[in-house]
Amino acid sequence: MSPANVHSWFELQSGPGDYALNMALDEALLEAMPRLGRPVLRFYGWSEKAASFGYFQKHREVERMTELRPLVRRPTGGGLVPHDADWTYSLVFPTSNEWYSLTATESYRRVHDWIRAAFARLEVLTELASSCRRTAAGQCFAGYEKFDVLCRGQKIAGAAQRRRRDGLLIQGSIQPPPISLAKADWQQAMCQAARAEQGARWAKFEPDAALNTRAMDLAQKKYSQRDYNQRR
């Protein structure tokens with residue numbers, strides 16, 4: 001990455017998408033990091049109620065945890081996440097960005113401290129959990145992990161991540177969103193917090209033909225396939 005691009009970040013507003021395409025575009029962005037060379041913050045929603053689950057989880061166990069359907073396996077780890085009323089985002093970093101070199105614990109803490117700072121701009125008081133409290137194994141929003149975002153003792157933000165040779169992908173969810181806030185205001189606060197604390201200079205991003213084609217291919221041949229989602 002050239003010095004001029006060190007603080008240049010892309011913002012992608014995807015809007016609502018179906019379960020397969022949502023996961024596919026996140027993976028396609030990760031694959032494209034060597035070409036794009038800049039971090040991407042993606043905001044998206046769900047065109048239908050669904051639930052995502054971690055790459056290493058067992059499908060049969062997840063089926064018993066929720067009545068939400070469809071169920072889609074994420075390219076990241078973590079536990080079951082319902083997508084019936086949440087605010088969903090992803091962050092993708094190239095290997096040249098400092099985030100890629102962080103430990104998993106530190107990148108987890110840092111992304112949630114970023115969310116805490118965004119909420120603070122909107123006068124919503126949150127804190128990072130100093131320890132973990134597990135109440136139901138395999139469910140991301142049952143109890144909390146160290147460095148999750150808490151509001152009045154309840155977890156409202158969690159994330160899962162995966163590092164590969166092409167970059168770092170973080171997938172996150174806000175739930176339940178604070179009822180006093182509009183989603184667009186929170187998204188704007190996220191960008192403002194990154195500008196103030198990380199020096200991010202934002203540019204709107206639209207996927208090109210190659211990225212869209214790859215995402216559609218992953219959606220059709222991987223994330224919409226029963227064999228993939230039920231592989232474990």
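Me: I'd like to start with one residue. Leaving aside neighbours within four places in sequence, which residues is Leu-71 in contact with?

Reply: A contact list tells you who sits around a residue once the chain has folded. This model is predicted, and in it Leu-71 is in contact with Ala-51, Phe-53, His-59, Val-62, Glu-63, Thr-66 and Asn-229, leaving aside neighbours within four places in sequence. You'll find Leu-71 in strand S4.

Me: Is Leu-71 buried or exposed?

Reply: For that, look at relative accessibility, where buried means under 20%. Leu-71 comes out at 7%, so it counts as buried.

Me: How many Å apart in space are Leu-71 and Ala-118?

Reply: Sequence distance and space distance are two separate readings, so to speak, and you can take both for any pair. Leu-71 and Ala-118 are 47 residues apart in sequence and 30 Å apart in space, going from C-alpha to C-alpha.

Me: Pro-70 comes just before Leu-71 in the numbering. What is the peptide bond from Arg-69 to Pro-70 like, cis or trans?

Reply: You read this from the omega angle. The bond from Arg-69 to Pro-70 is cis, with omega near 5 degrees, and Pro-70 sits in the loop between helix H3 (59-63) and S4. There's another cis bond to look at, from Gln-175 to Pro-176, with omega near -5 degrees. Pro-176 is in the loop between S12 and H6.

Me: What about phi? Where does Phe-147 lie, and what is its phi?

Reply: Phi is another backbone angle, and its sign is the thing to check here. Phe-147 has a positive phi of about 80 degrees although it is not a glycine. Phe-147 lies in the loop between S9 and strand S10 (149-151). Arg-152 also has a positive phi without being a glycine, near 55 degrees, and Arg-152 is in the loop between S10 and S11. Phe-147 is buried, with a relative accessible area of 19%, whereas Arg-152 is exposed, at 87%.

Me: On to helices. How far does H7 reach from its first C-alpha to its last?

Reply: To judge a helix's length, set its end-to-end reach beside the span expected from its residue count. Helix H7 (residues 209-223) has 15 residues and reaches 20 Å, close to the 21 Å expected at 1.5 Å a residue.

Me: Which residues of H7 are buried, and which exposed ones are on the face turned away from them?

Reply: Try looking down the helix axis and marking where each kind of residue points. Leu-211, Ala-215, Leu-218, Ala-219 and Tyr-223 are buried. Seen down the axis of H7, the buried residues fall within an arc of 100 degrees, so they line one face of the helix. The face turned away from the buried side carries the exposed residues Ala-209, Thr-213 and Lys-221.

Me: What do the buried residues of H7 pack against?

Reply: They pack against helix H1 (19-31), helix H2 (33-36), strand S4 (71-73) and helix H8 (226-229). So to speak, we've come back to the strand that holds Leu-71.

Me: Can we do the same for H6? Which of its residues are buried?

Reply: Same steps. H6 has 16 residues and reaches 22 Å, close to the 22 Å expected at 1.5 Å a residue. Its buried residues are Trp-186, Gln-187, Ala-189, Met-190, Cys-191, Ala-193 and Ala-194. These pack against strand S1 (8-17), S2, S6, H5, S12 and strand S13 (201-204). H6 is followed by Gly-199, whose phi is positive, near 70 degrees.

Me: Which residues of the largest nonpolar core touch the most other members?

Reply: For a core, look for its best-connected members. Of the 35 residues in this one, Tyr-89, Leu-91, Trp-99, Trp-114, Ile-115 and Trp-186 touch the most other members. H5 gives the most to this core, with seven residues.

Me: And open space? How much lies in the largest pocket, and which residues lie nearest its centre?

Reply: Read the volume, then the lining. The largest pocket holds about 300 Å³ of space. It is lined by 21 residues, of which Gly-78, Gly-79, Gln-139, Cys-140 and Glu-145 lie nearest its centre. S11 gives the largest share of that lining, four residues.

Notes: Predicted model: local features only at pLDDT ≥ 70, side-chain atom pairs only at ≥ 80, totals over all residues. Heavy atoms only, no water. Helix = DSSP H or I, 4+ residues; strand = E, 2+ residues; numbered from the N terminus. Expected span 1.5 Å × (residues − 1). Buried < 20%, exposed > 50% of the residue type's maximum accessible area, 1.4 Å probe, protein only. Arc of directions from axis to C-beta. Contact = heavy atoms within 4.5 Å. Core = buried A, V, L, I, M, F, W, Y, C linked by side-chain atoms within 4.5 Å. 1 Å grid on protein atoms, 1.4 Å probe; cavity = no way out; pocket = protein on both sides within 12 Å on 5 of 7 lines; lining within 4 Å. Points joined across faces, edges and corners; volume = space filled by probe spheres on them.
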